[in-house]
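Student: I would like to go through this structure and ask why its parts are described as they are. Where should we start?

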Amino acid sequence: MGTAAHHRTPLSRRRLLAAAAAASAAGAGALAQAAPAWALPGSAAHPAAAVRVPAGPQAAGEIRAEFLHAWNGYRAAAWGHDEVRPVSGTWNEFFAAGHPVGLSVIEALDTLYVMELDDDLTEAADWLEQNLDFDIDADFHVFEAIIRVVGGLLAGHLVTGRRSLLDLCVDFTDRLLPAFTKSPTGMPYTRANLRTGEVHGTTPPLAEIGTNILEFGMLSKLTGDGKYYEAAKRAYRAVLDRRSSLDLLGTRLDVETGRWTDPTDQGPNPPVDSFYEYLWGAWELFGDRDCLRWWRLLNGAMTEHLVEEWDGHVWYRQVDFATGETTGRRQSELASFWGGLVAKGGDRRLGERYHRSWESVLQRWPVLPEEIDYGTMTPTSRGNQFRPEYVNGAFDLYWLTKDDFYRRTAWQYFEGMKAHARVPGGYTILEDVTTSPMRQGDLFPAYAFAENFKYLYLMFARTRRFDGSDYVLSTEGKILRGLPRRL
Ligand code: DMJ
């Protein structure tokens with residue numbers, strides 16, 4: 001690797017388009033020179049293209065068996081608790097110590113359905129019906145509660161048709177709603193006490209302000225009560241009203257004063273990532289034209305001001321949202337879903353290129369580190385929380401393009417997961433992916449029952465239980481559209 005000066009090509013999109021237009025005017029030869037900045041190298045140039053994958057049904061069977069390995073590990077050691085610690089055979093409560101809500105059971109519902117594990121689904125839904133009681137005197141993290149519990153119960157209702165799961169979902173959401181309704185700006189507080197309605201936490205990041213419109217919108221649709229959708233929309237508007245003159249956003253806002261407390265535009269990195277994801281999602285799921293407009297505006301500005309070429313790959317730098325000045329070159333693994341979103345949301349080339357940037361990192365570390373600095377290509381956070389984002393991106397790109405490259409790279413992800421994160425009691429997070437062997441931790445995050453195995457399975461399975469040509473999944477992998485029309 002050479003010096004940054006040799007490798008950086010900081011061309012903004014507008015400049016690239018201008019260059020392409022000028023080249024076009026000058027003739028085809030010149031255009032061919034301007035194009036490479038966005039050109040997609042042939043899949044064959046990427047190592048994942050050479051990965052050997054078993055035939056679809058066999059691959060799907062292997063993935064299902066690995067899901068069951070994890071699920072049965074949870075059932076044996078931690079049933080009813082939020083998360084299993086598969087190495088020690090103990091458990092972890094995700095929201096509040098001493099107050100389990102069976103989070104893994106909630107997260108798994110629609111995965112059990114698509115994998116046709118119908119006895120397990122019945123057992124899980126029965127258990128939730130008989131045991132869940134949200135009258136809990138504890139603070140719940142509002143964003144996590146929405147994407148995990150509200151989304152999980154909604155998806156569970158959609159796949160089982162059980163009214164009881166929807167009733168639980170309404171009760172739970174109503175207990176979180178004060179975080180929105182007590183806020184003078186409409187942007188939610190970070191935490192809410194489920195019993196008292198007290199709220200805390202005044203400076204959430206954007207992901208926590210905007211990642212709710214899909215779950216709240218579905219709830220409004222299913223109940224006929226618009227208050228959930230209205231709360232979500234008001235929070236979005238409050239942020240859009242505070243964008244900079246460059247149409248960029250900072251990281252955190254004070255929900256009481258309405259002032260920015262962190263002016264960094266993170267691009268698709270956390271803790272902002274799904275704020276943008278849900279703008280596109282609200283257009284797809286509800287046809288919301290405001291959200292489409294906002295997605296186009298903000299995504300266009302990020303493409304213009306944040307995207308840069310570096311060592312032949314495209315990445316999103318961090319910038320000051322007011323000036324556009326570069327402030328960092330970190331890239332979180334959590335951003336690796338972004339290629340699929342950008343491709344769906346209008347710029348297929350950029351989306352495919354961004355995914356391939358991450359694919360090149362996967363060749364180096366078969367389980368991705370939590371964060372890298374792409375300027376030096378060094379991991380800046382060496383663990384991996386058993387993350388689903390990379391395969392989420394491959395999943396979306398596969399269904400959009402039907403290019404087998406994405407199945408191959410997903411299979412490579414699956415093999416990395418099996419080789420390094422599998423333990424006798426299921427699967428675990430990794431503390432360091434740069435050691436050999438990779439140093440293992442002791443936790444199976446509940447989201448992996450909703451995400452990793454589902455994305456993998458649905459890329460290979462022949463099933464009538466999911467429509468890959470018309471689907472909307474939440475940020476937590478919950479299937480909100482794409483199920484058979486039987487409900
Ligand atoms: C999940 O809870 C969701 O995917 C969320 O959007 C952020 N990331 C975690 C899994 O890594």
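Tutor: With a definition: a residue is near a molecule if one of its heavy atoms lies within 4 Å of it. Keep in mind that this is a predicted model.

Student: Which residues are around the ligand?

Tutor: They are Ile 147, Arg 148, Leu 334, Arg 387, Pro 388, Glu 389, Tyr 447, Glu 451, Thr 475 and Glu 476. Each is listed because one of its heavy atoms lies within 4 Å of the ligand.

Student: How many residues of this shell are nonpolar, polar and charged?

Tutor: The shell has four nonpolar residues, one polar residue and five charged ones. Glu counts as charged and Tyr as nonpolar, so Glu 451 goes with the charged group and Tyr 447 with the nonpolar group.

Student: What makes the approach of Glu 476 to the ligand a polar contact?

Tutor: An N or O atom in the side chain of Glu 476 is 2.5 Å from an oxygen atom of the ligand. The cut-off for such a pair is 3.5 Å, so the pair with Glu 476 at 2.5 Å counts. The side chain of Thr 475 has an N or O atom 2.6 Å from a ligand oxygen, and for Glu 451 the distance is 3.0 Å. Both values are within 3.5 Å, so these pairs count as well.

Student: How much of the ligand does the protein bury?

Tutor: Taken alone, the ligand exposes 300 Å², and the protein buries 90% of that.

Student: Now the sheets. Why are β4 and β6 called edge strands?

Tutor: The open sheet has the order β4-β5-β6 with antiparallel pairing. β4 (139-141) and β6 (199-200) each pair on one side only.

Student: How do you know that β4 and β5 pair?

Tutor: Pairing needs at least two bridges. Three bridges join β4 to β5 (residues 191-193), so the two strands pair. In one of the bridges, Asp 139 has Asn 193 of β5 as its partner.

Student: What packs on this sheet?

Tutor: Helix α7 (residues 142-160) does, touching β4 and β5, and its direction makes about 65° with that of β4.

Student: What is the strand order in the open sheet that contains β15?

Tutor: The order is β14-β15-β16, with antiparallel pairing. β14 (330-332) and β16 (378-381) each have a single partner strand, so one side of each is left without a neighbour in the sheet. Neighbouring strands here are turned by 35° against each other on average, direction ignored.

Student: What makes β14 and β15 a pair?

Tutor: They share three bridges in the antiparallel sense, and at least two are needed, so they pair. Ser 332 has Glu 371 of β15 as its bridge partner.

Methods. Residues are numbered from 1 along each chain as its sequence is written. This is a predicted model: local features need pLDDT of at least 70, side-chain atom pairs count only at pLDDT 80 or more; totals for chains, interfaces and linings use all residues. Side-chain values use heavy atoms; hydrogens and water are left out. Helices (H or I, at least four residues) and strands (E, at least two) are DSSP runs, numbered from the N terminus. Contact means heavy atoms within 4.5 Å. Axes are lines fitted to C-alpha atoms, for helices over the stretch in contact, and angles run from 0 to 180 degrees between N-to-C directions. A polar contact is a pair of N or O atoms within 3.5 Å; within protein, one must be able to donate a hydrogen and the other to accept it, and residues adjacent in sequence count only if both atoms are side-chain atoms. Accessible areas come from the Shrake-Rupley method with a 1.4 Å probe; for residues, only the protein chains shown count as cover.
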